[in-house]
Amino acid sequence: MKKLILAAGAFAVLAGISSCGNSSTSAVSAEDKAFDDSLTATWGFLSGAQAADMIEKQPGEVVDKAAFLRGIQTAMAIDTADQSYIQGLNMGLRMAQQRVYAMKQLGCDINAEKWMAEFKKAFNSDTLPNVQMIGMEFQQLAQRAETRAEERKMAEMANSPEALANVAAGDAYLDSVRKADPAVQIAPSGLAYKIENAGEGDSITDKDRVYVYYTGKFTNGKVFDSTKDRPASFSPRSVVPGFGEGLKMLKKGGKATLYIPGNLGYGPQGQPGAGIGPNEMLVFDVEVVGVNEAPDAKK
């Protein structure tokens, strides 16, 4: 999301050209006044056009133009000789933008009065606070805020009507599969599987690189992905949790069918590009043809 930073940018421009007004105490010729008026009009019109263009190019962003103009007018009315005030206001606007945009997007309610009280405490301290240490603490809190926001987003998606319907459909499908084939087992994680051949040698671990032929299907039998003539190569920890867990039940030469529930697959976000819905159950037929060593081409 683009941020409306034109006001802050205007302060920077004002600070950059403020030296042009240093001779305001001297007599201004008619020629100079005409030039200044021309510069003023052109700069003002250009800035207005840039602001309108910026707003126009923000799809879905609703901007109250009247309120926007009030902000610009307040900024332009500031006494440009008071540089310290401008610097403080400039910083305050940047902090306010972070509060409005970044923090609200993370679901954080930043109390402006409390923020200001802590700002004053640090700013007026007789001893300069340890900025590096406090910065590290803030980064940890910010990371927690991002994690919390992501968890809330995932929970909201998981409770969407489509996701809940897919979970119910997956449970019903698995019940029917197990009734028809008692050999289908369910692991504590919720992964359902049927091992046709466990394979030989050492069990697969997360540290191994496996070579696998697989066919991924929806519960209606439609294939959405397949290795076809060449095996895929990856680590069990680099695939969706249910697939990785199933691989570690096998050894070289092992074959199995994995029934992966949505929470062990692509989760509540699904995989729209592959047509996989939120928390949709998937079925994989897998065959491990190599462990840490590429097999010969399948004939």
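## Starting at the cap of α6

A polar contact here is a pair of N or O atoms within 3.5 Å, one able to donate a hydrogen and the other to accept it. With that in hand, look at the start of α6, where a side-chain oxygen of Asn130 comes to within 3.3 Å of the backbone nitrogen of Gln132. Keep in mind that this is a predicted model.

The helix that follows, α6, runs for 28 residues and spans 40 Å from its first C-alpha to its last, close to the 40 Å expected at 1.5 Å a residue. Its buried residues are Ala142, Ala145 and Ala149. Residues three or four places apart in an α-helix point the same way, because there are 3.6 residues a turn.

## The chain as a whole

Stepping back, the chain holds eight helices and seven strands. Of its 299 residues, 27% are buried. Among contacts with a separation of 6 or more, 69% link residues 24 or more positions apart. The accessible surface adds up to about 20000 Å², and carbon and sulfur atoms own 55% of that.

## Helix α7 and its buried side

Next up is α7, residues 161-180. This helix has 20 residues and reaches 29 Å between its first and last C-alpha atoms, close to the 28 Å expected at 1.5 Å a residue. Its buried residues are Ala163, Asn166, Gly170, Leu174 and Val177. They sit on the same side of α7, because they cover an arc of only 70° around the axis. Turn to the other side and you find Pro161 and Lys179 exposed.

What do the buried residues of α7 pack against? The partners are α6 (131-158) and three strands: β1 (185-186), β2 (192-197) and β6 (255-260).

## Two nonpolar cores

The largest nonpolar core takes in 24 residues. Those with the most contacts inside it are Val212, Tyr214, Phe234, Phe243, Leu258, Phe284 and Val286. Two or more residues of this core come from each of β3 (210-218), β5 (232-234), α8 (241-247), β6 and β7 (282-291). There's also a second, separate core of seven residues, with Leu174, Ala192, Tyr259 and Met281 among them. In soluble globular proteins, nonpolar side chains tend to be buried together.

Phe284 is a good residue to click on in the first core. Setting aside residues up to four places away in sequence, Phe284 touches Tyr214, Thr215, Gly216, Phe224, Phe243, Ala256, Thr257, Leu258 and Ile260. Leu174, meanwhile, ties two parts of this report together: it is one of the buried residues of α7, and it belongs to the second core.

## Two buried threonines

Is Thr257, a residue of strand β6, buried or exposed? Thr257 has 9% relative accessibility, so it counts as buried, the limit being under 20%. Its side chain makes a polar contact of 2.8 Å with the side chain of Asp285. Leaving out residues up to four places away in sequence, Thr257 touches Ala192, Tyr193, Lys194 and Glu196, along with Val283, Phe284 and Asp285.

Thr227 lies in the loop between β4 (223-226) and β5. This residue is also buried, at a relative accessible area of 13%. A polar atom of the Thr227 side chain lies 3.0 Å from the backbone nitrogen of Tyr214. Beyond its neighbours within four places in sequence, Thr227 is in contact with Val212, Tyr213, Tyr214 and Ala232. Val212 and Tyr214 come up again here, having been listed among the residues with the most contacts inside the largest core.

## Asparagines worth a look

A couple of asparagines have positive phi values. Asn279, in the loop between β6 and β7, has phi near 55°, a positive value in a residue other than glycine. Asn279 is buried, with a relative accessible area of 9%. Asn292 is found in the segment after β7, and its phi is positive too, at about 60°, although it is not a glycine.

Finally, Asn90 lies in helix α4 (residues 83-105) and counts as buried at 15% relative accessibility. Its C-alpha is separated by 9.7 Å from that of Ala75, a residue 15 positions apart from Asn90 along the chain.

Notes. Residues numbered from 1 in each chain as written. Predicted model: local features only at pLDDT ≥ 70, side-chain atom pairs only at ≥ 80, totals over all residues. Heavy atoms only, no water. Helix = DSSP H or I, 4+ residues; strand = E, 2+ residues; numbered from the N terminus. Buried < 20%, exposed > 50% of the residue type's maximum accessible area, 1.4 Å probe, protein only. Contact = heavy atoms within 4.5 Å. Areas by Shrake-Rupley, 256 points an atom, 1.4 Å probe, with all protein chains shown as cover. Expected span 1.5 Å × (residues − 1). Arc of directions from axis to C-beta. Core = buried A, V, L, I, M, F, W, Y, C linked by side-chain atoms within 4.5 Å.
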